[in-house]
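Please go through this model with me, from the whole chain down to single side chains. The report is brief and sticks to what the coordinates show.

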Amino acid sequence: MNNPAPAAAPTAPAAPPAPHSRLAHYPIPLFATVMGTSGLAIAWKKAGHVLGLPAEIGLALQWWALALFVMIALGYLAKVISHWEAVKKEFAHPVRLNFFPAISICLLLLAVAFADTLPGFAQGLWMVGAALHLCFTVIVMSSWIHHTRYDIKHANPAWFIPVVGNVIVPVAGVAFAPIGISWFFFSIGLIFWIVLLTIVMYRLFFHEPLPERLTPTLFILIAPPAVAFIAWLKLTGGTVDAFAQILYNVALFLTLLLAANAMRFFRLRFFLSTWAYSFPLAAITIATLIMAEHGGTFFVALSWLLLTILSTVLLLLTLRTLQAMLRGEICVPE
């Protein structure tokens with residue numbers, strides 16, 4: 001009689017997956033929170049001059065933006081030291097790469113915010129920010145030209161950040177360096193805004209819609225003409241000439257276009273990319289405050305409206321980000 005086969009040994013339960021390092025997934029798009037907060041500070045400081053609002057609000061916001069930048073930068077520096085391979089992987093990502101120049105843009109915006117209160121400190125921020133942004137522009141554009149991984153589906157408005165961000169340099173730069181330097185950066189940003197706008201619009205018109213996570217980046221379309229308007233006035237002495245009118249009106253139209261689709265954005269889930277609403281709204285608010293400064297009841301009323309919307313959006317984004325942090329939704333694998 002055959003002996004019965006021995007019973008199979010019980011299968012050991014599968015080991016739970018190893019917990020991931022939260023620091024390894026510290027996201028570079030966090031710097032967009034500093035961009036939005038700096039923009040809000042600059043807008044409130046401008047509103048203090050144009051609308052007579054308390055100057056203390058803008059001053060408090062500029063210090064909060066600086067503190068936020070220091071905290072986020074220290075966190076990312078810890079990632080660089082502890083998880084260099086994760087940083088390299090993020091830098092090679094076709095979308096996340098474009099958020100690295102947000103670091104230099106934060107420095108440039110902080111320079112604008114502090115220019116009237118701490119000019120020496122602001123000049124230092126501007127010098128580092130301008131040099132770093134030029135490096136980022138060269139690196140990112142080189143990767144676009146000599147690429148082996150990009151496809152049209154990777155094109156999105158975040159591509160404006162590394163190149164078109166150059167138009168921010170003259171906003172404070174005209175006071176800190178020979179004006180030719182500011183014209184150099186402005187020229188780069190303006191011309192490649194037109195180039196990238198064509199590419200991004202082609203992608204939006206003729207290919208699949210942006211994924212939900214990237215849909216808020218559509219607001220970035222507002223920022224280049226709005227900031228270029230501000231920079232143009234700095235470079236040309238402050239006169240709202242025909243070209244300035246074109247830049248402002250393009251930014252205003254894009255704001256209206258996105259406002260007409262507001263329900264699409266309200267239905268989106270929260271991502272860090274949702275902070276893409278903040279700086280572009282700040283840019284068009286500041287530009288409108290400048291128009292109000294040059295006269296016109298319409299622009300005064302529009303300034304009040306945009307400043308209210310901007311402040312509300314920043315408050316909601318801040319609260320939602322804190323909520324996401326408490327729930328452990330930040331610094332996790334995507």
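How far apart are the mean positions of the positive and negative charges of the chain? They lie 6 Å apart, for 17 positive and 11 negative charges. This is a predicted model.

**Confidence**

The mean pLDDT of the chain is 91. Of the residues, 94% score at least 70. Residues 14-18 fall below a pLDDT of 50. In the model, this stretch makes zero contacts beyond near neighbours in sequence. Where pLDDT is low, the predicted coordinates should not be read in detail.

**Overall build**

The chain has 13 helices and zero strands. Its pattern along the sequence is α-α-α-α-α-α-α-α-α-α-α-α-α. Along the principal axes, the C-alpha atoms fill a box of roughly 105 × 45 × 40 Å.

The chain has 334 residues, and 51% of them count as buried. Its accessible surface is about 16100 Å². Carbon and sulfur atoms supply 72% of that surface. Among contacts with a separation of 6 or more, 78% are between residues 24 or more positions apart.

**Salt bridges**

Side chains of opposite charge can pair when their charged atoms come close. How many salt bridges does a search of the whole structure find? It finds nine. The table gives some of them.

| Pair | Closest N to O distance |
|---|---|
| Glu293 and Lys46 | 2.9 Å |
| Lys79 and Glu90 | 2.9 Å |
| Arg320 and Glu329 | 3.6 Å |

Take Glu293 and Lys46, whose closest N and O atoms are 2.9 Å apart. This pair links distant parts of the chain, 247 residues apart. Glu293 sits in helix α12, residues 278-293. Lys46 sits in helix α1, residues 31-50. Is Glu293 buried or partly exposed? Glu293 counts as partly exposed, because its relative accessibility is 44% and the partly exposed class runs between 20% and 50%.

Lys79 and Glu90 also meet in a salt bridge, at 2.9 Å from N to O. Lys79 lies in helix α2 (residues 55-82) and Glu90 in helix α3 (residues 84-91), so the pair ties together parts 11 residues apart in sequence. Both Lys79 and Glu90 are buried.

In the pair of Arg320 and Glu329, the closest N and O atoms are 3.6 Å apart. Arg320 has a relative accessible area of 23%, so Arg320 is partly exposed. Glu329 is partly exposed as well, at 37% relative accessibility. Elsewhere, salt bridges with shared partners join Lys79, Glu90 and Arg96 into one network.

**Tyr76 in helix α2**

Helix α2 also holds Tyr76. Why does Tyr76 count as buried? Its relative accessible area is 5%, and buried means under 20%.

Which residues does Tyr76 contact, leaving aside neighbours within four places in sequence? They are Tyr26, Pro27, Ile28, Phe31, Val87, Glu90 and Phe100. Two names on that list tie back to elements described above. Phe31 falls within helix α1, residues 31-50. Glu90 is the salt-bridge partner of Lys79. Ile230 is another matter: the C-alpha atoms of Tyr76 and Ile230 are separated by 31 Å. Along the chain, Tyr76 and Ile230 are 154 residues apart.

How values were computed. Residues numbered from 1 in each chain as written. Predicted model: local features only at pLDDT ≥ 70, side-chain atom pairs only at ≥ 80, totals over all residues. Heavy atoms only, no water. Helix = DSSP H or I, 4+ residues; strand = E, 2+ residues; numbered from the N terminus. Buried < 20%, exposed > 50% of the residue type's maximum accessible area, 1.4 Å probe, protein only. Contact = heavy atoms within 4.5 Å. Areas by Shrake-Rupley, 256 points an atom, 1.4 Å probe, with all protein chains shown as cover. Lys, Arg positive; Asp, Glu negative; His and termini not counted. Charge placed at Lys NZ, Arg CZ, Asp CG, Glu CD. pLDDT = per-residue confidence, 0-100. Salt bridge = Lys/Arg side-chain N within 4 Å of Asp/Glu carboxyl O.
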